[in-house]
Amino acid sequence: QVQLVESGGGLVQAGGSLRLSCTASRTIFTVHAMGWYRQAPGKQRELVATITTNGGSTNYGDSVKGRFTISRDNAKNTVYLQMNNLTPEATAVYYCWSDLAPPLAAFHSWGQGTQVTVSS
């Protein structure tokens, strides 16, 4: 499948910004979309944002709309998540995600996760 390597997590004060990056390994398969999910302690993993590699269609979780922006650089097989005006509620492990184009759409890949901590 696809190997995903995340970077950019860390500790930031409320109101600050962070940018996460995720690079996918080159593969013979066509990646359909990449994005980010997050999981806070004691909570279920939730959608943050996704973007298709062909056309750049985006999808955001309701809790981040207007504050987070996802973008991609297909030449680098990399997606970015710009997070602005962070609040303590954004504290979580952020996981990079990807899926493959049909007929392999059932194959999803996950990164190892990067910790984001927002202090009040």
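What volume does the largest pocket have? About 170 Å³, and the legends below start there. This is a predicted model, where local features need pLDDT of at least 70, side-chain atom pairs count only at pLDDT 80 or more, and totals for chains, interfaces and linings use all residues. Residues are numbered from 1 along each chain as its sequence is written, and side-chain values use heavy atoms, with hydrogens and water left out.

**View A. The largest pocket and its lining.** Thirteen is the count to look for: 13 residues line the largest pocket, and Val 31, Met 34, Thr 53, Asn 74 and Asn 77 lie nearest its centre. The lining splits into 4 nonpolar, 7 polar and 2 charged residues. (A pocket is an open set of points on a 1 Å grid over the protein atoms alone, where a 1.4 Å probe fits, with protein on both sides within 12 Å along at least five of seven lines; lining residues have an atom within 4 Å of a point. Its volume is the space filled by probe spheres set on the points. Gly is counted among the polar residues.)

**View B. The open sheet.** Here 4 strands line up in the order 1-3-8-7, with antiparallel pairing. Strand 1 (4-7) and strand 7 (68-73) sit at the edges with a single partner strand each, so one side of each has no neighbour in the sheet. On average, neighbouring strands are turned by 15° against each other, direction ignored. (Strands are DSSP runs of E, at least two residues, numbered from the N terminus; two of them pair if DSSP finds at least two bridges between them.)

**View C. Strand 3 beside strand 8.** Strand 3 (residues 18-24) and strand 8 (residues 78-83) run antiparallel and are joined by 6 bridges. Among the contacts, Leu 18 has Met 83 as its bridge partner in strand 8.

**View D. The disulfide.** The whole structure holds 1 disulfide (a pair of cysteine sulfur atoms within 2.5 Å). Cys 22 and Cys 96 make it, with their sulfur atoms 1.9 Å apart. Cys 22 is in strand 3 and Cys 96 in strand 9 (residues 92-100), so the pair ties together parts 74 residues apart in sequence. The S-S torsion is about -90°, so this disulfide is left-handed. Cys 22 is buried at 0% relative accessible area, and Cys 96 is buried at 0% too. (Buried means under 20%, exposed over 50%, partly exposed in between, with a 1.4 Å probe and protein chains only.)

**View E. Gly 8 and Leu 20.** Gly 8 is in the loop between strand 1 and strand 2 (10-13), and is partly exposed at 32% relative accessibility. Gly 8 and Leu 20 are 12 residues apart in sequence, yet 4.5 Å apart in space, C-alpha to C-alpha.

Note on methods. Axes are lines fitted to C-alpha atoms, for helices over the stretch in contact, and angles run from 0 to 180 degrees between N-to-C directions.
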